[in-house]
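Colleague: Could you take me through one part of this predicted model up close? I'd like to see how a single strand sits among its surroundings.

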Amino acid sequence: MKIAFYLRLSIADGDLGKNNKDESNSIENQRILLQNYLSSTEMCTDDEIAEYIDDGYSGLNFNRPAFQRMIEDAKIGKIDTIIVKTQGFVNGNISEKDNNP
């Protein structure tokens, strides 16, 4: 099984760039939660897990570099399972998106 983690946080919500941080605390916490989830399931694998990280990108649209790369990798078979903390990390707040075409 080729597994990918998708990690995302809006710049408005995070601490990216503060105190010379390359990655927000939320991204670090998401990674830990997903690793714990994976190890508790039958999907547990020794294979390398691909990570796609959009730290500082809004979820109100799909114009996120890592998200686009992940979708392309899924289309060509590089990954077959995508794990996210919540659906909102993929598609943002649906009601807000509907009001912002």
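Modeller: Let's start with a pair you can find on screen: Arg 8 stands opposite Asp 54 in E2. Go back along the strand and you'll meet another such pair, with Phe 5 facing Glu 51 of E2. Both pairs belong to the link between E1, which covers residues 3-9, and E2: the two run parallel and are joined by six bridges. Now look at E3, where Thr 81 has Ile 3 standing opposite. E1 and E3 pair in the parallel sense too, this time over three bridges.

Put that together and you get an open sheet of three strands in the order E2-E1-E3. Strand E2 (50-55) and strand E3 (81-83) stand at the edges with a single partner strand each, so one side of each is left without a neighbour in the sheet. From one strand to the next, the twist averages 20°.

What about the side chains of E1? In a regular strand, side chains alternate between the two faces of the sheet. Here Ile 3, Phe 5, Leu 7 and Leu 9 point one way, while Ala 4, Tyr 6 and Arg 8 point the other way, and all are buried. That's seven of the seven residues of E1, so the strand is largely enclosed by the rest of the structure.

Two helices are worth a look as well. Helix H1 (residues 25-39) lies across E1, E2 and E3, running at about 150° to E1. Helix H2 (residues 65-75) also lies across E1, E2 and E3, and runs at about 150° to E2.

Definitions and conventions. Residues numbered from 1 in each chain as written. Predicted model: local features only at pLDDT ≥ 70, side-chain atom pairs only at ≥ 80, totals over all residues. Heavy atoms only, no water. Pairing = 2+ DSSP bridges. Helix = DSSP H or I, 4+ residues; strand = E, 2+ residues; numbered from the N terminus. Axes fitted to C-alpha atoms, helices over the stretch in contact; angles between N-to-C directions. Contact = heavy atoms within 4.5 Å. Buried < 20%, exposed > 50% of the residue type's maximum accessible area, 1.4 Å probe, protein only.
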